[in-house]
Amino acid sequence: MGWLRKGFIVPPSWNGRRIIIRFQAVGGDCKVFVNGQLAGYNFDQSIPFTFDITDKIKTGGENEVMVGLRSHAFFDWQGTYGRHASPPGGSGLGIWQDVYLLALPVVYISDVFIKPELSANHLIAAVTIRNTTRENQAVKVGSDVREWNNLAGLDALTAPQVQWKLGRKAVELKPLTAVIPANSEAVVELQANPGNQLKTWSMDAPNLYGMTVTLSGKTAVTDRKYERFGWREFKISGKKLLLNGKEIQLLGDSQHMINPLYITRRFAWAWFTLLKNVGANAARLHAQVYPECFHDMADEMGIALLPESCLYASSCDINYDSKLFWSAARHNVTGLVQKYRNHPSVYGWSIENESLPALNVKCQDPAYRTMMCNGMGELADICRKMDPTRDWISGDGSKDMEGRLPVF
């Protein structure tokens, strides 16, 4: 392993809070130590991960984080038809997105999944609450939904900048009270029937809203979590793709992300502006889980996105005999969906790239191909379970994976 070391100070004002370290993306087999104590492991290329390091840090004093990295290639072994024991798409070895600390209350909002169901006139916010104490905790969960107004400029220098504010209140979600069991998580759902109170998101009119979910104890608000979303619905009807109940045609582009220049809002803005200028409206984020700036810009500019996992099989060398590969694949697809399911620009999920045609280069065994397709079917099921709001699940070049995928 190669090791990276950094000192940091935790402010005394953070005493009594849960201290979380978050890595946005690390490529490779990764171990994280804080003040000489193991915080956790990660085996991926581009999915964010967090560790609770509360019991390992000193508030008000110097702390040390050490990150050990080694290549996924150390885990490769030759199976029946391939050797890669991890999804090979991605950035390569290293920390390639932001790392930061969070100071959270002992009972906090860990996730918000916003489900816009236009055809049913139903808006749902599934709020996951984490209780780190040894006692059950009674909480009140509320929300505030407001128009999201873009204040960025229009020229090439100012348009990609992050400048916005929340405007008028748009809709009310009914607040709830709940009891969160000790040392566990629970999900509560806030709901509303918006009627005509929300403007729809589309590629021609990318209207956005900001939802701030609040968590209250007996007397005061103890935590807030903000999520941006769009009031829209992608559905499949027969051979038609529908947006807000109307048939649409996607005209798009695809790219490999190959160097650090790509990891910017400016690159995303330039690419999407080019697409808009030639009459296109969509893009496929190919062969790895892209940084969030691409999804943010697509939300704001009206570009429909197809995010893709790191299951890049074009080398014809994935080891489908490896249990580690399938574990890593499930982790990668799970992280992809969880990270980007609130983005209105996302119309579906691409779980892999060319797995079936690449395997067919080497494999003439129909039973082995079926085994691989069954594994891909499990990845599709992850998408269905984690995101019931989108019908589209596909694999590039793999047809319908012998009936496992809804999109051919």
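# Helix packing and a three-strand sheet

User: H4 passes H5 in a right-handed crossing. What makes a crossing right-handed?

Analyst: The near helix is turned clockwise from the far one by less than a right angle; anticlockwise would be left-handed. This is a predicted model, with local features needing pLDDT of at least 70, side-chain atom pairs 80 or more, and totals for chains, interfaces and linings using all residues. Residues are numbered from 1 along each chain, and side-chain values use heavy atoms, without hydrogens and water.

User: Why is H4 called roughly antiparallel to H5?

Analyst: Helix H4 (residues 355-362) and helix H5 (residues 366-386) pack at about 160°, with axes 11 Å apart. Angles run from 0 to 180 degrees between N-to-C directions, along axes fitted to C-alpha atoms, for helices over the stretch in contact. Over 145 degrees counts as roughly antiparallel. Therefore H4 is roughly antiparallel to H5.

User: Which residues of H4 meet H5?

Analyst: Ser355, Leu356, Leu359 and Asn360 meet Tyr368, Arg369, Met372, Cys373 and Met376 in H5. Contact means heavy atoms within 4.5 Å. The residues divide into 6 nonpolar, 2 polar and 1 charged. Arg counts as charged, and Leu, Met, Tyr and Cys as nonpolar.

User: How do you know that S20 and S21 pair?

Analyst: Pairing needs at least two DSSP bridges. S20 and strand S21 (residues 282-286) have 5, and run parallel. One bridge partner of Gln255 is Leu285 in S21.

User: What makes S20 and S22 edge strands?

Analyst: The open sheet has the order S20-S21-S22. Strand S20 (252-256) and strand S22 (304-307) each have a single partner strand, so one side of each lacks a neighbour in the sheet.

Definitions and conventions:
Helices (H or I, at least four residues) and strands (E, at least two) are DSSP runs, numbered from the N terminus. Angles under 35 degrees count as roughly parallel, over 145 as roughly antiparallel, 65 to 115 as roughly perpendicular and the rest as oblique.
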